[in-house]
Amino acid sequence: MIDDLNSILSLRRYIEEHLHENGEAWEHQHLPFIIGIVSAFNKSEANFFSQTIWTWPPKVLFELADAILNGGNPHLDENYIYCKIFSLTDDIEDLDYLAQNLGAYFYSAKPQSFDAELLIAIKLKLIQVLDITRDQTWEKNFQDLNKDIDRRLLEIRSSDN
C-alpha cells in the first residue's frame, strides 16, 4: 500500500511540476510518460489510483484524461473515470476538449456506474459547452447526449420511487 501511495503521489507531483509547459511538450514527452505509468498499474495500484485522484486539482485531472484514454489498463474503469474527470473540470476550453470524446465514453460506461449526482454534474458541464459550441455537428451530438442524461436521470428517479 505504501508503494501504491508513493507512485501515485509521484505521478501527481510530476503533472503539477509540468502544468506550465506547452502543448508540444505534453504531447511528445509528458503524455507518453504518464501513459506508461497509468498503463502499468497493477490491480492494487489501479484501485488506489481510482479512489485517490478525486481530491486532485481539476487541471491535474484534465491532464490525466488523455492518459486514461490511451493507457489501456484493464484494471481501470476508463469510461467512468473520463466522464467523472469531465464533471470536475472547471476551465471551459478544457471542457470543450474533453466533450469531444465524452459521448463515446459515456455510452461505453456501464449505466449503473452513474448515480444521479454524477449525471447532474456531467449535464451542467455539458450545458456550459453547449453555450460556446458553434459547430452544428458537435451541438447536435451534445444535445443528444444531454437528452440521454435526462432519460437516465428519469430512470434513476423512477427506480427510487
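Start by selecting helix H5, residues 78-88, and show what surrounds its buried residues: they pack against helix H3 (43-52), H4, H6 and H7. Contact here means heavy atoms within 4.5 Å, and buried means under 20% relative accessible area, with exposed over 50% and partly exposed in between (1.4 Å probe, protein chains only). Helices (H or I, at least four residues) and strands (E, at least two) are DSSP runs, numbered from the N terminus.

A word on what you have open: this is a predicted model, where local features need pLDDT of at least 70, side-chain atom pairs count only at pLDDT 80 or more, and totals for chains, interfaces and linings use all residues. Residues are numbered from 1 along each chain as its sequence is written, and side-chain values use heavy atoms, with hydrogens and water left out.

**Still on H5**

Colour H5 by burial and you'll find it mostly covered, with 9 of its 11 residues buried. The buried set is Glu 78, Asn 79, Ile 81, Tyr 82, Cys 83, Lys 84, Ile 85, Phe 86 and Ser 87.

Now pick Tyr 82, which lies in this helix. Its relative accessibility is 0%, so Tyr 82 counts as buried. Leave aside its neighbours within four places in sequence, and Tyr 82 is in contact with Ala 65, Leu 69, Tyr 97, Leu 98, Asn 101, Leu 102 and Tyr 105. Try a distance, too: the C-alpha atoms of Tyr 82 and Leu 98 are separated by 8.4 Å, with their positions 16 residues apart along the chain.

**Over to H4**

Next, select residues 58-71, helix H4. How many of the 14 residues of H4 are buried? The count is 11, so H4 is largely enclosed by the rest of the structure. Val 60, Leu 61, Phe 62, Glu 63, Leu 64, Ala 65, Asp 66, Ala 67, Ile 68, Leu 69 and Gly 71 are the ones to highlight.

Zoom in on Leu 64, where a kink of about 30° in H4 is centred. The bend at a residue is the angle between axes fitted to the seven residues ending there and the seven starting there. For length, take the expected span of a helix as 1.5 Å times one less than its number of residues. H4 should span 20 Å, and its end C-alpha atoms are 19 Å apart, which agrees. Just past the end of H4 comes Gly 72, with a positive phi near 60°.

**A stop at H1**

Helix H1 covers residues 2-18 and contains Ser 7. Arg 13 has its place in H1 too. Ser 7 counts as partly exposed because its relative accessibility is 27%, and Arg 13 is partly exposed at 44%. Draw a line from Arg 13 to Val 60: they are 47 residues apart along the chain, and their C-alpha atoms are separated by 9.3 Å. Then draw one from Ser 7 to Gln 128, 121 residues apart along the chain, and you get 35 Å between C-alpha atoms.

**Finish with H6 and H8**

Select H6 (residues 92-108) and H8 (residues 136-160), whose axes come within 10 Å and cross at roughly 35°. Axes are lines fitted to C-alpha atoms, for helices over the stretch in contact, and angles run from 0 to 180 degrees between N-to-C directions. The crossing of H6 and H8 is left-handed, meaning the near helix is turned anticlockwise from the far one by less than a right angle (clockwise would be right-handed).

Show side chains at the contact: Ala 99, Gln 100, Leu 102, Gly 103, Phe 106 and Tyr 107 come from H6, and Trp 138, Phe 142, Asp 144, Leu 145, Asp 148, Ile 149 and Arg 152 from H8.

On H8, the buried residues are Phe 142, Leu 145, Asn 146, Asp 148, Ile 149, Arg 152 and Leu 153. They pack against H6 and helix H7 (116-132).

Last click: Asp 96, found in H6. Asp 96 counts as partly exposed because its relative accessibility is 27%. Leaving aside neighbours within four places in sequence, Asp 96 is in contact with Val 129, Ile 132 and Thr 133.
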